[in-house]
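Please work through the exercises below with the sequence and the three-dimensional model side by side. Each task is followed by a solution that proceeds step by step.

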Amino acid sequence: MDTRLLFLISCFIARLSFSLSASGELNSFESVPDLEKSMYTIVDGYPCVRLLNLSGEIGCSNPGHGKVAAPVVKFKNVNQLVEPSAILVSLDELDSLLARVSKDTNFASLVAGILVESGTPGGNNFKGFSPELKFPEAEFAPYQNKNFEWNPSGSGIMWKAYNFPVFLLSENSTLALLEAATKNEKSKESYTSDVAEFGLVMQTTKSGTHDSESCLREETCLPLGGYSVWSALPPINTSTSQKSKPIILAVTSMDSASFFRDKSLGADSPISGLIALLGAVDALSHLNGLHLSKQLVFVVFTGEAWGFLGSRRFLLELDQHSDAVSGLDFTLIETVLEIGSVGKSFDQGVKKFFVHTTEAASISNQTLDALKRAQDSLKTENVKISVASKSNPGIPPSSLMMFLRKNPDSSGIVLEDFDTAFTNKFYHSHLDNLSNINASAIAAASSLVARSLYILASEKNEINDSVLTAISVNISFIDELLGCLLDCEPGLSCDLVNQYISPSAACPSHYVGVIQGEPSSSPYPGYVGDVSRFLWNFLADKTSVPTENRSATCPKHCSGTGELCIRGETDGKGVCVVSSTRYVPAYSTRLKFESDMWKLLPTNSSDIMGAADPVWTESNWDTITLRVYSVQHASYDRLILLLGIAVTVAAYIAIVITRSVIRKALKRD
C-alpha cells in the first residue's frame, strides 16, 4: 500500500513538472557552461596588481588565499558600511575614497573591493588625475631639492598598498555594475542582492613574501624589466681601425605606468616623444649620401617609469663593454638630446617647446644653437623654443638624470612641452590617451629633432640650408604611428607594425612588464614585448645600408659582418641588412640571473644609483577574474530551510494519517 501511494505522488510531481516545462516556466540547459552563463556576468576590467620592492609592497591584492564576494554599493550613497561591500566609485571620487580608507580603519575593514567607473570626469572642479607623486622618482634627481612639484596633479595613490582588489571597469561593464548597485538600493527589503566576486589572488600574499628579496628567493615574483633598443646612423663598423667619431645620443623611452596595470598608454608621457624620434629617424633615413662628422645614435629605453631601469642598465653595460653595446663608448658621448613629452605643446596655433639644459654650458649651448637654427628653418610651422625657467632646481624627471648621476659634467638637454610643471594633468594615468595629445605638435617636434640632429652631427661649414629643408617629416607616418601605438583600432595590427612583426595582441599597453628567462643581447623573441620587437626591426631597417648579397634571406644566409635579420616574423624568411641595432636588457642593476633564478646583489658604496634602486618586482598570479551574480541573503536561506523542514514534517504526518485512514477503511471492507 505504501508503494502504491508513493507511486501516485511521483506521478503527480512528474505531471506538474511536465506542465511547467510546456508552459516555458522552466529553462533547460544543455551544459554546465550554459548554466554558468545564465548565473554569472563576466566583467571586463583592468586590475591594480601587487608590486614589491626592497622596502615592502604597493598595489592591490585579495587579502587572503581565495576569492572575495560582496554586494555592490555606490560610494556616493554610502556614509557607513554595515557589511563587507564592493564599492562602485567614479574616478573623481577615487582619491577621496582611498583617503578615507587610509584614515578610517573600521571603514577600511569593510571594503571588500573597489570598482572604478570608466570615462573622463567633466566639470570645472576636476583638476586632473595623476596617481603619481608630485616629484616622480625624486630619489634619482642629481640635485638637492626633492620637494619641487613637477607634477602638481599627483596624488601618489599608486605608491601605496591596498589589501583589497581594485578594478577599472570598461564602458559596458560600468553600465552593468551601475544597474547592479541601483538594483541593490531598490531591493533592500528583498532577500536577494547582486554581488561582485573578485579573483585577484597574488602569490606573494599566499606565500607571505612581502618584499622583493623574499619573493625572489621563494620565486613568487619576477623582476620588472624588458628590452631597450639602440641603433646607429650610419651603422658603426667595429672591425675597422679608424678612429671612432664623437657620439650625438638621441634618447627617449617607451614605457609608461598607471594605477591599473594593463591600461598604461602614456600618450603624452612618453609615447609622444617616442613617435617624434621615430619620425626624425624616418626623415633622416631618406637623405641620400649622408656624410656626418659625428655618429648619430638613437636609444629607446624601457623601464624608465620604475627607477630608470633601462638607462641605468645601459650605462652599466657601457662600463662592462658588453656585447649589447658593442661599438659604443661612454667617453665618446658628446651630448645627449632627450625627447620627453611633446604632445601638448600646441597653443593657439603655435607649437611651443621648452629646453631644459644641464650645467655643462659650452656643449649644451651648441645643442641649443642647433635647435634654434632648426626652428628658424621651420618658419612656416609656427615652432617656438624657449629655455626653461632658471627657477627650476634642474632638469625634470628624465633619463638624462642618470647620465648626470654617472658624470655630473655630462652635457645634454631635454625637450619638453612644459616649463616649470607638467602640462599633462593625467601623467602616469590611464587617461593619458590619444585624446590628450596633438598630432601636429608631435610632427613639429619630430621635424625640430631631425634637423637639430643633422646640424649637431655635421661640420658647421658643411651644413646646407637646402639639405635642412629636405629633411621633412612625413605627417601621415606620424598619424599612422599614433593609431598603431595608442589605439586598439587598428592598434598593433596596423600595416606598419605588421610589416615587421606578428604582434601578440592588438591593443597596445606600455607597461614595462616582467623580464623572463636569462637576459641577453640576442633574446628569445617570445621574451621580448611587441613594441620592443617592432622598434628593433624598424630602427634596423631605417638605419641600414644594403648588403653585398641583396638577394640573401635570413637567418641562414645572414652571416656577414654587421648583418641582421629583420622582418623574420612576418613571412618566416626575413631580409638581411647591415645595421648597428641591438637589444639591451633593462632590469635592476642589483639583480643577477644565476642557476635559473634571480639573486639580489649586495649594495656597492661606489654605485650611488644602485643604493637608491628599489628593485621592483611583480607578484605572480594564476588567473585574474571579476564577475557579478545574484545571491540570496542568509536569513532567506534559513527561512527556506525551516519551511522545508516544516513541509517535510507535515508531509510525513499527512502520510502517516492517510495510511492509518486507508488501513481502517480496508478493514471495514
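The exercises that follow deal with a buried position, the disulfides, a pocket and an annotated span.

The model is predicted, so that local features need pLDDT of at least 70 and side-chain atom pairs count only at pLDDT 80 or more, whereas totals for chains, interfaces and linings use all residues. Residues are numbered from 1 along each chain as its sequence is written, and side-chain values use heavy atoms, with hydrogens and water left out.

**Exercise 1.** Determine where Ile157 lies, and decide whether Ile157 is buried or exposed.

*Solution.* Begin with the secondary structure, in which helices (H or I, at least four residues) and strands (E, at least two) are DSSP runs numbered from the N terminus. Ile157 falls in the loop between strand E7 (111–116) and strand E8 (161–162). Next, apply the accessibility classes: buried means under 20% relative accessible area, exposed over 50%, and partly exposed in between, with a 1.4 Å probe and protein chains only. Because its relative accessible area is 5%, Ile157 is buried. Finally, list the contacts (heavy atoms within 4.5 Å); leaving aside neighbours within four places in sequence, Ile157 touches Leu94, Asp95, Leu98, Phe129, Pro131, Tyr162 and Phe259.

**Exercise 2.** State how many disulfides the structure holds, and describe the geometry and setting of the links formed by Cys215, Cys484 and Cys488.

*Solution.* A disulfide is taken as a pair of cysteine sulfur atoms within 2.5 Å, and the structure holds four of them.

- Cys215 is paired with Cys221, their sulfur atoms being 2.0 Å apart; the link is right-handed, with 80° about the S-S bond, and both Cys215 and Cys221 are buried.
- Cys484 is joined to Cys494 at an S to S distance of 2.0 Å, and the disulfide is right-handed because the torsion about the S-S bond is about 115°. This pair links distant parts of the chain, ten residues apart, with Cys484 in helix H14 (residues 475–486) and Cys494 in the loop between H14 and helix H15 (495–498). Both Cys484 and Cys494 are buried.
- Cys488 is joined to Cys507 with S to S 1.9 Å, and a torsion of about 130° about the S-S bond makes this disulfide right-handed. Since Cys488 lies in the loop between H14 and H15 and Cys507 in the loop between H15 and helix H16 (530–542), the pair ties together parts that are 19 residues apart in sequence. Cys488 counts as partly exposed at 34% relative accessibility, and Cys507 counts as partly exposed at 43%.

**Exercise 3.** Which residues are the closest to the centre of the largest pocket, and which element gives the largest share of its lining?

*Solution.* On a 1 Å grid over the protein atoms alone, a pocket is an open set of points where a 1.4 Å probe fits, with protein on both sides within 12 Å along at least five of seven lines, and lining residues have an atom within 4 Å of a point. The largest pocket has a volume of about 840 Å³, and of its 35 lining residues, Arg261, Tyr511, Val512, Gly513 and Gly529 are the closest to its centre. Turning to the elements, strand E12 (226–233), H16 and strand E25 (617–619) each supply at least two lining residues, while the largest share, four residues, comes from H16.

**Exercise 4.** Establish what the UniProt record says of residues 639–662, and describe the model there.

*Solution.* The unreviewed UniProt entry annotates residues 639–662 as "transmembrane region", although such annotations may be inferred rather than shown by experiment. In the model, this span is 100% helix and 0% strand, and its end C-alpha atoms lie 34 Å apart.

Note on methods:
Points joined across faces, edges and corners; volume = space filled by probe spheres on them.
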